[in-house]
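Student: Could we go through how the two chains meet in this model?

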Amino acid sequence: MRIFNLIGSYFLLLGKVFSMPEKKMIYYKLTIKEIEKLGLNSIVIVAIISAFMGAIITIQTAYNTTSPFLPSYLVGLAARDSILLEFSSTIVGLILAGKVGSNIASEIGTMRVSQQIDALEVMGVNSASYLILPKIIATIFFNPFLTMLSIVVGIIGGWSVGVFTGVVTTQEYINGIQYAFIPFYITYALIKTVVFAFLITTISAFQGYNVEGGSLEVGQASTRAVVASSVAILLFNLILTQLLLS
Amino acid sequence: MIRVSGIFKSFNEHAVLKDINATFEKGKTNLIIGQSGSGKTVLLKCMVGLFDVDDGEIYYDDVLFNKISFTERKDIRKKIGMLFQSGALFDSSTVEENVMFPLDMFTNMTLEEKRERVNFCLKRVNIINFNHLFPAEISGGMQKRVAIARAIALNPRFLFCDEPNSGLDPKTSILIDELIKEITEEYDITTIVNTHDMNSVMGIGDKIIYIYKGEKWWEGTKEDVLQSDNKEFNDFVFASALTRKIKGIL
Ligand SMILES: Nc1ncnc2c1ncn2[C@@H]1O[C@H](COP(=O)(O)OP(=O)(O)OP(=O)(O)O)[C@@H](O)[C@H]1O
Ligand SMILES: [Mg+2]
């Protein structure tokens, strides 16, 4: 029963977010700020994780497929497909749920308990739209870049470690990357990214916006934001994969 | 002028406000007083529309505030300034940005004009040369004053203050009280102040409403306070040794 209540108020909040934007120019400025805060500040973590994951996928595939009957391009192919299909969208999504989600929930939650949201409302500002819409636009717009970055860095990471450890040659790896490439996989990864960005931002904002109490509750909301957006990502990963790849 | 009539508000069966009727006059500092938990903040939040009332009417001048459409409400809200118990400054914005915020949202002033207005308001509350500091970098009393500056930036017709001097030393409290009173008279605003501080009551209470367990128990001016024969009200007023002493002298 409680879950239906929650979903109901989540959609009510979304309704408020998408109704009657205040002055456009202000939204533009806020969005730029959010891109910096939620997007640019995530570049380093995404790059680091992608490089390591690409490397690990490469050496694991290599060590587990030492049979001479398997084609030599297999390592590159496996790295490419796992990065494209799951890693750069879903795993990066989960990491961002942790970083961006907790950030959003604690920021908005703090504004709630310190009555800053009330102050906005009393002035006649649509606080939901003012606080949440720029974050949604910023992440939907910027996360695809993070995904592209993750794909590139992941593949490079796989290549450099593969060559460094000698499990694969540059030529084999490149052959693998190019073998039977399906361009739609990139679209698929980007669609997932956009959906995940929306889920992370709105679910975390919802958790923060509805905090009642004090700083303890803000911390709890921030944890709930991460858990709920991660679960939502996994669920929608399943749904989207079924819809887009079957 | 703000008039409330027959206000009821409860949270999950717990009745917090019971049939509140009151008129708050223009150009005067109207006080709502009462013990902690008596429902002062809830009443204030009902009046500005942060809570919906269960029953009753709230009139701003002659407009029935709690029954009009969202857009009409918004027009009235632009005329409301509110000072929250905690100050509620935006902590990721500087002092200047805080005061400029309502101007950014609701006017088409140029940056020059906005700066000028911000500096005027900050000067009015005696905050000078702190424009680029963040709320966390100034003292609690200064935060309250910046919040007042933000509340008056748009020349409000109605000013609400929730315990403007809680957490401040007696001297700063008096300064804040006097500032509120001056602004009220200078711009002929309808000001409503929540407080449980007898100093404020005796200092600035043009009109006083006493709330006891969610009901209006007493009403009068600061001159009437020491003469009341209402038991619960006297319990509140003479809880302080100081007021008892004054009563003894009278
Ligand atoms: N959002 C809410 N949900 C449920 N109950 C509430 C809520 N806000 C206030 N109450 C209850 O309403 C009652 C009155 O609270 P209120 O905050 O108005 O007191 P107050 O007179 O402002 O006290 P103080 O002087 O301590 O600020 C309290 O019993 C409180 O528990
Ligand atoms: Mg209160």
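The conversation below concerns the interface and the nonpolar cores.

Tutor: This is a predicted model, in which local features need pLDDT of at least 70 and side-chain atom pairs pLDDT 80 or more, while totals for chains, interfaces and linings use all residues. Side-chain values use heavy atoms, without hydrogens and water.

Student: How many residues does each chain bring to the contact?

Tutor: Chain A brings 17 residues and chain B 24 residues, where contact means heavy atoms within 4.5 Å.

Student: And what area do they bury?

Tutor: About 1,900 Å² lies buried between chain A and chain B, 63% of it on carbon and sulfur atoms; buried area is the accessible area (1.4 Å probe) lost by two parts on being put together, summed over both. Gln115(A), Val122(A) and Met123(A) supply 34% of what chain A buries against chain B, more than any other three residues.

Student: Which residues form the salt bridge?

Tutor: Asp118(A) pairs with Lys45(B), their closest N and O atoms being 3.6 Å apart. A salt bridge here is a side-chain nitrogen of Lys or Arg within 4 Å of a carboxyl oxygen of Asp or Glu. The rule finds 1 salt bridge across this interface.

Student: Changing topic, what does Phe101(B) touch?

Tutor: Beyond its neighbours within four places in sequence, Phe101(B) is in contact with Leu120(A), Met123(A), Val125(A), Tyr130(A) and Phe90(B).

Notes:
Residues numbered from 1 in each chain as written. Chains lettered and ligands numbered in written order.
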